[in-house]
Amino acid sequence: MDFRSTFFIVWRCICIAKKTDELPINDEIRVAEMLVIGPNGEQMGIKSLEDAKTIANFAGLDLVLMSGNSTPAVGKIMDYNKYRYEKKKKAKDAMKKQRETNKEMKEYRFSPVIDIHDFETRVKNAQDYLEKGHKIRGFIRFKGRQMAHPELGREVLQKFADQLKDVSTIETPIKQDGRNMFVILAPKK
């Protein structure tokens with residue numbers, strides 16, 4: 001390999017490794033003056049870049065450019081690794097809360113003439129899913145002449161809800177929407 005290809009491989013690795021969401025710190029900052037905020041949140045006034053770096057070094061902390069686009073630019077003296085850790089932890093907690101609020105809804109499809117064993121298998125699977133804290137949607141799609149007897153489908157869905165009443169509550173009662181009939185069950189708190 002020649003020098004040129006080695007240089008481009010190293011340069012590419014550096015570009016991939018550098019994250020775009022990272023804030024510029026210490027020697028990466030390219031502003032002449034900035035409003036400096038101290039480690040305890042107090043404003044220290046507008047300082048030159050060298051003065052701000054000296055103050056940060058004296059405190060044993062990093063100078064972080066929080067807002068480079070504002071006039072004047074805003075820099076904060078802080079422990080940058082701790083800041084990144086806390087930011088990552090908050091994002092992880094937010095994702096966890098989002099997952100909890102957006103639990104999946106499992107769908108169980110029935111037929112008005114479903115066999116007993118198939119029905120019991122679906123009830124058992126739905127019960128396991130409800131115990132994990134997810135919602136259940138049982139629905140029937142009527143085909144052809146089955147539309148003449150929607151009461152058969154209603155009986156199947158009512159039986160489904162009754163079988164699961166000890167681990168669930170009915171969130172949406174049985175409704176018919178065209179050729180579809182459904183019920184939504186939520187886990188008991």
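These legends accompany an overview and close-up views of a predicted model.

**Figure 1. Overview of the protein chain, with 5 helices and 8 strands.** Along the sequence, the elements follow the pattern α-β-β-α-β-β-α-β-α-β-α-β-β. The protein chain has 189 residues, and 29% of them count as buried. Among contacts with a separation of 6 or more, 54% join residues 24 or more positions apart. The exposed area is about 13,600 Å², with 53% of it supplied by carbon and sulfur atoms.

**Figure 2. An open sheet of 4 strands.** The strand order is β2-β1-β4-β3, and the pairing is mixed. β2 (43-48) and β3 (62-67) stand at the edges. Each has a single partner strand, so one side of each lacks a neighbour in the sheet. From one strand to the next, the twist averages 35°.

**Figure 3. The pairing of β3 with β4, and the helix that packs on the sheet.** β3 and β4 (residues 73-78) pair in the antiparallel sense over 5 bridges. S67 has V74 in β4 as its bridge partner. Helix α2 (residues 49-59) packs on this sheet. Helix α2 touches β1 (33-37), β2, β3 and β4. The direction of α2 makes about 130° with that of β2.

**Figure 4. Helix α5 and its buried residues.** α5 covers residues 150-163, 14 residues in total. At 1.5 Å a residue, the helix should span 20 Å; the end C-alpha atoms are 20 Å apart, which agrees. Which residues of α5 are buried? They are G153, V156, L157, F160 and A161. Seen down the helix axis, the buried residues of α5 fall within an arc of 135°, so they line one face of the helix. What covers them includes two further helical and strand elements from the middle of the chain, α4 (116-131) and β5 (105-110). β6 (135-141), β7 and β8 also belong to this cover.

**Figure 5. The hairpin of β7 and β8.** Strand β7 runs over residues 168-177 and strand β8 over residues 180-187. The two pair in the antiparallel sense, with 7 bridges. D177 has N180 in β8 as its bridge partner. Between the strands lie 2 residues. In this hairpin, G178 takes a positive phi near 70°. Both strands also help to cover the buried residues of α5.

Conventions
Residues are numbered from 1 along each chain as its sequence is written. This is a predicted model: local features need pLDDT of at least 70, side-chain atom pairs count only at pLDDT 80 or more; totals for chains, interfaces and linings use all residues. Side-chain values use heavy atoms; hydrogens and water are left out. Two strands pair if DSSP finds at least two bridges between them. Axes are lines fitted to C-alpha atoms, for helices over the stretch in contact, and angles run from 0 to 180 degrees between N-to-C directions. Contact means heavy atoms within 4.5 Å. Buried means under 20% relative accessible area, exposed over 50%, partly exposed in between (1.4 Å probe, protein chains only). Accessible areas come from the Shrake-Rupley method with a 1.4 Å probe; for residues, only the protein chains shown count as cover. The expected span of a helix is 1.5 Å times one less than its number of residues. The arc is that of the directions from the helix axis to the C-beta atoms.
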